[in-house]
Amino acid sequence: MMRGYLRSDGRKGIRNLIAVAYLVECAHHVARRIAEADPERAHVIGFPGCFPNPYAQKMMERLCTHPNVGAVVLVSLGCESFDRAALERVVRASDRPLRVVVIQGEGGTRSSIAAGRAFVEEQGPLLEAAETVPMAVSDLVVGTVCGGSDGTSGITGNPAAGIAFDRLVAEGAACIFEETGELIGCEGIMEARAATPALGTEIRASVEKAARYYAALGYGSFAAGNADGGLTTIEEKSLGAYMKSGQSRISGLIKPGDIPPKGGLYLMDVVPDGEVRFGFPNISDNAEIVEMMASGALCTLFVTGRGSVVGSALAPVVKIAANPVMYARMEEDMDVNAGRILTGGATLAEVGEEIYRTVIGLAEGRRTKSEELGHQEFILTYKSFEPIGPACLPV
Amino acid sequence: MPPSDNTDPRLLLLSPGDSVLVLRERIEAGETVMVEGLAVTVPEALALGHKIARVDLAEGEQVLKYGAPIGRASRAIAKGDHVHTHNLRSDYTPTHQRGGALAGEVA
């Protein structure tokens with residue numbers, strides 16, 4: 001039986017965590033020490049920069065009010081540019097217990113850590129004892145990402161994740177796939193899958209924007225390890241990554257922090273708008289996971305061929321091994337062995353079903369390997385976006 | 001799906017019109033494998049997930065996998081050749097490899 005934590009905005013979480021959020025790198029150490037008071041429940045997130053950035057502000061507002069978050073500690077140095085007051089207002093309006101620790105006001109490192117820890121220790125038992133409510137598949141928001149891809153990813157793990165997505169979407173969940181820079185070459189097929197022709201045009205434009213952006217940077221979204229694993233070109237990697245999206249109609253195109261208005265399959269446009277600024281769109285896999293969480297993803301399916309070990313702060317990450325040789329070596333980090341499709345141990349449909357069941361299990365109290373191992377990676381950097389156009393979310 | 005009876009079962013055809021087969025297992029240097037009726041001796045070990053040409057490809061010709069283009073032959077490719085960064089290039093952005101890394105050398 002799936003159960004979740006009902007939040008004031010009507011969304012339901014599958015975890016009841018404390019977000020300990022630093023608002024500039026200068027407050028990171030204090031935040032980390034505060035979270036150590038309850039390492040399972042208190043997760044550190046934050047924004048390192050001291051220059052203001054509307055994207056980062058929106059991301060932090062969304063993350064501090066994520067359905068898996070039941071209480072919030074904001075850790076500020078005091079002189080940073082981050083709009084702490086605006087973030088405080090958003091968290092208070094969500095009815096979450098909040099403690100704001102301003103290091104320059106509390107009296108320094110020791111007193112700030114003590115103040116934050118007192119709140120974490122007081123909240124822990126309350127969050128543990130909080131009431132849960134029944135949850136349906138239609139309450140789920142699930143993201144998918146692939147990282148450390150190789151020549152097996154697009155044959156096993158990604159299409160199996162796509163099968164799980166198809167079933168989740170058919171049962172009313174909102175599913176998000178992303179990285180338009182890793183869908184270069186797939187714009188035509190995706191355009192044809194859009195719910196409306198106008199949405200199809202927007203999808204094509206988002207991939208063309210990604211191709212331009214990466215061309216200006218001089219690198220595709222393609223790491224040396226991808227080539228070691230048998231992938232040769234960005235369009236080959238893209239076709240493999242595209243398989244994660246399954247066969248459903250594409251209901252909308254969203255940007256990081258936009259929350260899907262209803263169930264369906266959504267493409268997330270993660271490449272900044274305007275001229276190239278602030279460097280690479282997503283500097284590593286966790287940046288993508290963070291953006292899907294900001295759009296409400298309660299958990300993320302992570303398909304890996306080379307063998308990524310990351311999890312995430314705030315939302316469980318289900319690790320799907322695409323490569324059977326890697327699985328044999330790294331089983332301790334992998335939740336699902338999709339490599340069995342290559343060795344004849346299972347069909348795509350069977351692995352797709354296993355992934356679906358694993359997602360449901362997360363709302364039934366089961367934990368992922370990366371949660372058990374204590375992985376709580378988090379990264380947030382500068383970006384800039386224009387709001388999505390009206391054709392991106394057809395009614 | 002196995003491509004046909006006269007092809008090594010370790011080679012996978014993803015879509016009927018494809019120009020490449022994908023390795024579902026590692027193939028060691030010096031092994032002879034059947035590629036659609038042609039016996040090919042593999043000069044260097046090829047790891048799981050790498051590609052072998054199913055047909056002769058001229059320089060500039062599109063290479064198909066999953067039934068879709070994944071770039072063009074940067075030089076002539078013979079049936080049975082390893083297809084990778086040395087003979088296939090992107091139509092979008094060039095592929096970057098760390099210094100000295102050779103395609104296929106990592107298991």
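In chain A, the strands β2, β1 and β7 form an open, antiparallel sheet in the order β2-β1-β7. The model is a predicted one. The points below cover this sheet, then chain B, then the interface where 33 residues of chain A are in contact with 32 residues of chain B.

**The three-stranded sheet of chain A**

- β2 (12-13) and β7 (133-134) of chain A stand at the edges of the sheet.
- Each of these edge strands has a single partner strand, so one side of each is left without a neighbour in the sheet.
- Strand β1 (residues 3-6) of chain A runs antiparallel to β2(A), and two bridges join them.
- Within this part of the sheet, A:Tyr5 stands opposite A:Gly13, a residue of β2(A).

**Chain B**

- Chain B has nine strands and zero helices.
- Its pattern along the sequence is therefore written with strands alone: β-β-β-β-β-β-β-β-β.
- Chain B has 107 residues, and 46% of them count as buried.
- Among the contacts in chain B with a separation of 6 or more, 43% are between residues 24 or more positions apart.

**Area of the interface between chain A and chain B**

- The size of an interface is often given as the accessible area lost when the parts come together.
- Here chain A and chain B bury about 2500 Å² between them.
- Carbon and sulfur atoms account for 59% of that buried area.
- A:Asp228, A:Thr232 and A:Glu235 supply 23% of the area that chain A buries against chain B, more than any other three residues.

**Polar and charged pairs across the interface**

- Two salt bridges are found across the interface of chain A and chain B.
- B:Lys51 forms a salt bridge with A:Glu236, and the closest N and O atoms of this pair are 2.9 Å apart.
- The interface also holds 14 residue pairs in polar contact, with both residues at pLDDT 80 or more.

**The side of chain A that touches chain B**

- Four helices of chain A, α8 (197-217), α9 (224-228), α10 (234-242) and α12 (324-330), are the elements that give two or more residues to this side.
- The largest share, five residues, comes from α10(A).
- By type, the residues on this side of chain A divide into 15 nonpolar, 13 polar and five charged.

Key. Residues are numbered from 1 along each chain as its sequence is written. Chains are lettered from A and ligands numbered from 1 in the order in which they are written. This is a predicted model: local features need pLDDT of at least 70, side-chain atom pairs count only at pLDDT 80 or more; totals for chains, interfaces and linings use all residues. Side-chain values use heavy atoms; hydrogens and water are left out. Contact means heavy atoms within 4.5 Å. Buried area is the accessible area (1.4 Å probe) that two parts lose on being put together, summed over both. A salt bridge is a side-chain nitrogen of Lys or Arg within 4 Å of a carboxyl oxygen of Asp or Glu. A polar contact is a pair of N or O atoms within 3.5 Å; within protein, one must be able to donate a hydrogen and the other to accept it, and residues adjacent in sequence count only if both atoms are side-chain atoms. Ala, Val, Leu, Ile, Met, Phe, Trp, Tyr, Cys and Pro count as nonpolar, Asp, Glu, Lys and Arg as charged, and the others, Gly among them, as polar. Two strands pair if DSSP finds at least two bridges between them. Buried means under 20% relative accessible area, exposed over 50%, partly exposed in between (1.4 Å probe, protein chains only).
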